[in-house]
Amino acid sequence: MTMPEKIESADKVGSVSVHRYEQIVAELRKIVEAQTRGQFTIGDYALEIEPMRQYGARERGEELFTVKASLFRLAEDIGLSYYSVRTPRWTASRWPAEHR
């Protein structure tokens, strides 16, 4: 008996009924969608604060903060790690809003 046949014949997925499993999947899909939207929102705002530019490039007035320092400050102020801001910023810079 293959795994899908076993699930079908037992009418369960793990410890829950197939019906309950489908409810859980539907709810988790909503959560994953919201998380994805949230990640792009974080990335878009981080891009507004620190637009992408060529490595080593500086604009006038940048003496006070480096890109890393700005993103680190943002991350601390919103309760996330630096990488939780840096990664969505990079991703948002590569995915145009109309393709998300």
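# A tour of helix 3 and helix 4

Among contacts in the protein chain between residues at least 6 apart in sequence, 49% join residues at least 24 apart. Keep in mind as you look around that this is a predicted model.

**Start with the whole chain.** Colour the protein chain by secondary structure and you should find four helices and two strands. Followed along the sequence, these elements come in the pattern α-β-β-α-α-α. If you also colour by accessibility, 15% of the 100 residues in the protein chain count as buried.

**Select residues 67-78.** This is helix 3. Helix 3 has 12 residues, and the distance from its first C-alpha to its last is 17 Å, close to the 16 Å expected at 1.5 Å a residue.

Which residues of helix 3 are buried? Show S70, L71, L74 and A75 as sticks, and you have them. Now turn the view to look down the axis of helix 3: the buried residues fall within an arc of 135°, so they line one face of the helix. A rule of thumb helps here: an α-helix has 3.6 residues a turn, so residues three or four places apart point the same way. Swing round to the other side of helix 3 and you meet K68, E76 and D77, which are exposed.

What covers the buried residues of helix 3? The cover includes helix 2, residues 18-49, and helix 4.

**Stop at two more residues of helix 3.** First pick F72, which lies in this helix. F72 counts as partly exposed because its relative accessibility is 42%, between the limits of 20% and 50%. Draw a distance from the C-alpha of F72 to that of V85: the two residues are 13 apart along the chain, and the atoms are separated by 8.0 Å.

Next pick I78, also in helix 3. With a relative accessibility of 44%, I78 counts as partly exposed too. A distance drawn from its C-alpha to that of I42 gives 9.9 Å, for residues that are 36 apart along the chain.

**Step off the end of the helix.** Helix 3 is followed by G79. Check the backbone of G79 and you will find a positive phi, near 80°.

**Select residues 83-94.** Here is helix 4. Its 12 residues should span 16 Å at 1.5 Å a residue, and its end C-alpha atoms are 17 Å apart, which agrees.

Show V85, P88, R89 and A92, the buried residues of helix 4. Looking down the axis of helix 4, you will see these buried residues within an arc of 110°, so they line one face of the helix. Their cover includes helix 2 and helix 3.

**Finish where the two helices meet.** Two packed helices are described by the angle between their axes and the distance between the axes. Show helix 3 and helix 4 together: their axes come within 8 Å and cross at roughly 115°. Is this crossing right-handed or left-handed? The crossing of helix 3 and helix 4 is right-handed.

To see the contact itself, display these side chains:

- from helix 3: V67, L71, L74, A75 and I78
- from helix 4: V85, R86 and R89

Colour this contact by residue class and you get six nonpolar, no polar and two charged residues. Several stops on the tour come together here: L71, L74 and A75 are among the buried residues of helix 3, while V85 and R89 are among those of helix 4.

Methods: Residues numbered from 1 in each chain as written. Predicted model: local features only at pLDDT ≥ 70, side-chain atom pairs only at ≥ 80, totals over all residues. Heavy atoms only, no water. Axes fitted to C-alpha atoms, helices over the stretch in contact; angles between N-to-C directions. Left-handed = near helix turned anticlockwise from the far one by under 90°. Contact = heavy atoms within 4.5 Å. Nonpolar A, V, L, I, M, F, W, Y, C, P; charged D, E, K, R; others polar. Expected span 1.5 Å × (residues − 1). Buried < 20%, exposed > 50% of the residue type's maximum accessible area, 1.4 Å probe, protein only. Arc of directions from axis to C-beta.
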